[in-house]
Amino acid sequence: MSLRHLRSIEEVPADELLGLLELTDHMVEVCRRPVPKVPALRGRTVLSLFFEDSTRTRLSFETAAKRLSADTMTFAASSSSVNKGESLRDTVETLDAMGVDAMVVRHRSSGVPWQLSRWTDAAVVNAGDGWHEHPTQALLDAYTIRVEHPAARVAATEGRLPLAGLHVGVIGDVKHSRVARSNVRCFTRLGAHVTLVAPSTLLPVSLAGWASSADVLAATADLDDVVPKLDVAYVLRMQLERQEQALVPTLREYTSRFGLTAERAERLPASSLILHPGPMNRGVEIAPDVADRPNAVITNQVANGVALRMAVLYRLLAADGSEGTGAADAL
Ligand code: CP
C-alpha cells in the first residue's frame, strides 16, 4: 500500500509503520557514510512551511531532504507576505505554483495539513498541528526505543512488534501535547502499554480514540507509584504558551509532583530509557542532571530524527518508494 501523505499516525497502515522503521535503519547507515548523501530524490523539491517556531523538526527535515539530494525551499511566516494579510490558501497556492513535491507544514491550528492537501498535489507532511498530532516525532521516538531498549531489540529480531510488552510512561502536560497524542497512537500500535502521568488539569477530558485499544492505556496522577514499573519514561515539555489559565498551582509544586527528579530517575529499572521531545525546560519537567544521564537518549532522538525523516521523504517521493525496504539497494 502506498503512502500519499503523512498527516497522522492513524493514516499509516500497519505494514508501512514497520516498513518505515526498517527503512530508517538503512538511512542511519547512509548518515554514517563519510559523504552522507545519496541521489534518491534528485529533481524533487521539499518545502518547509513553518508558521510556528522550530529547531529540531525544520532543520532535520531540511537535512533529510538534502541528504537525499532533493532541492529545498524554506518559508518563514515571520518574513513572508502573511504579514501583509495574505491568506493561508493563497500562500500555499503561490508556493505550489513554484513547483513543490512535498510540503512539510507546522501550524498552530489543528487540521491545517488536511486543508493543505485539498489545495496542492504535493505530498503533505504534518510537522505539528496545534495540540493535535506530530507524527514524525512519534515515529522517531518509536525508532529510538526500538534500537536503544534491549527488550525492543530482541522483539524486533524475533519478528514481534518492536515495543511488545514495554510499559511507557508519558509524563506531564498531556492535554496540550501533539507529541503525546501521536506517541500514544504509535506506541500502542507497536505493542506498548502506555500510562499517562499528569494532574487532572493537564489531562484531556476524554481518552476515547487515543490508543489502539482502551486496555493498553491508563492514567494516573501518582508518578512515584509508577516510576519503578516503567521501561520508558517519556517526559513532556510543560507548554506554558498553550495554557490560557494557570493549570498548576506553581511550577515548583508541579516539579515536586511530576518532575523527573534525580531521586525518581534512580528508582527507574536499570534498563529503562528517558526520552524528551525537546525543547526541554531543565529544572521544570526534568532535572538538569537527569537529562544528561547515560540512559537519557535525547540526543539519539534528534540524530534518529534525520534518518527517520529521510525514510518518510523517500517513501513519499521516490519513484520506487512504494517498494519499501527493497529501497536499500537504491541507496
Ligand atoms: N520536538 C520538536 O518538535 O522540536 P522543535 O519544536 O524544535 O521542532
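**Buried serines, a ligand and a parallel sheet**

Q: Is Ser 117 buried or exposed in this predicted model?
A: Ser 117 sits in helix H4 (residues 112–119). Its relative accessibility comes to 17%, and the cut-off for buried is under 20%. So Ser 117 counts as buried.

Q: Which side chain makes a polar contact with the side chain of Ser 117?
A: Leaving out residues up to four places away in sequence, Ser 117 touches His 5, Arg 7 and Val 124. One of these also makes a polar contact with it, side chain to side chain, at 2.8 Å. That partner is Arg 7.

Q: In what order do the 4 strands of the open sheet come?
A: The pairing in this sheet is parallel. Strand E2 (71–76) and strand E4 (123–129) are the edge strands, each pairing on one side only. Neighbouring strands are turned by 15° against each other on average, direction ignored. Reading across, you get E2-E1-E3-E4.

Q: Which residue of E3 stands opposite Val 46?
A: Strand E1 (residues 45–50) and strand E3 (residues 102–107) run parallel, with 5 bridges between them. Opposite Val 46, the E3 residue is Ala 102.

Q: What angle does the direction of H11 make with that of E4?
A: Helix H11 (298–317) packs on the sheet, where it touches E1, E3 and E4. Taken against the direction of E4, the angle is about 150°.

Q: What is the relative accessible area of His 107?
A: His 107 belongs to strand E3. Not counting neighbours within four places in sequence, its contacts are Phe 51, Glu 52, Leu 88, Val 112, Gly 128, Asp 129, Gly 130 and Arg 178. His 107 is buried, so its area must fall under the 20% cut-off. The value is 9%.

Q: How far is a polar side-chain atom of Ser 54 from an oxygen atom of the ligand?
A: The ligand is surrounded by Ser 54, Thr 55, Arg 56, Thr 57, Arg 106, His 134, Gln 137, Pro 277 and Gly 278. Ser 54 uses a polar side-chain atom here, and the distance to the ligand oxygen is 2.6 Å.

Q: Which residue puts a polar backbone atom 3.2 Å from a nitrogen atom of the ligand?
A: Two of the surrounding residues to check are Pro 277 and Gly 278. Pro 277 has a backbone N or O atom 2.9 Å from a ligand nitrogen, which doesn't fit the distance asked for. The 3.2 Å distance belongs to Gly 278.

Q: What is omega for the peptide bond between Gly 278 and Pro 279?
A: Most peptide bonds are trans. The one joining Gly 278 and Pro 279 is cis, and Pro 279 lies in the loop between strand E9 (273–275) and H11. Its omega is about -10°.

Q: What is phi of Ser 69 near?
A: Ser 69 is in the loop between helix H2 (56–67) and E2, and is buried at 16% relative accessible area. Most residues other than glycine have a negative phi. Ser 69 isn't glycine, yet its phi is positive, near 70°.

Q: How many of the 12 residues of H7 are buried?
A: Helix H7 (178–189) reaches 17 Å from its first C-alpha to its last, close to the 16 Å expected. Its buried residues include Arg 178, Asn 183 and Phe 187. H7 is largely enclosed by the rest of the structure, because the buried count is 11 of the 12.

Q: Which residue caps the N-terminal end of H7?
A: The cap works through a side-chain oxygen, 3.3 Å from the backbone nitrogen of Val 179. Just after H7, Gly 191 takes a positive phi of about 105°, but that isn't the cap. The capping residue is Ser 177.

Q: How far apart are the end C-alpha atoms of helix H1?
A: H1 has 18 residues (14–31), so at 1.5 Å a residue it should span 26 Å. Among its buried residues are Leu 17, Leu 20 and Met 27, and the cover over the buried ones includes helices H5, H7 and H11. The end-to-end distance agrees with the expected span: 26 Å.

Q: Which residue of E6 does Gly 169 stand opposite?
A: Strand E5 (residues 167–171) runs parallel to E6, joined by 5 bridges. E6 (residues 193–197) is largely enclosed, because 4 of its 5 residues are buried. Across from Gly 169 you'll find Thr 195.

How values were computed: Residues numbered from 1 in each chain as written. Predicted model: local features only at pLDDT ≥ 70, side-chain atom pairs only at ≥ 80, totals over all residues. Heavy atoms only, no water. Helix = DSSP H or I, 4+ residues; strand = E, 2+ residues; numbered from the N terminus. Expected span 1.5 Å × (residues − 1). Buried < 20%, exposed > 50% of the residue type's maximum accessible area, 1.4 Å probe, protein only. Contact = heavy atoms within 4.5 Å. Pairing = 2+ DSSP bridges. Axes fitted to C-alpha atoms, helices over the stretch in contact; angles between N-to-C directions. Near = heavy atom within 4 Å. Polar contact = N/O pair within 3.5 Å; in protein donor to acceptor, adjacent residues only side chain to side chain.
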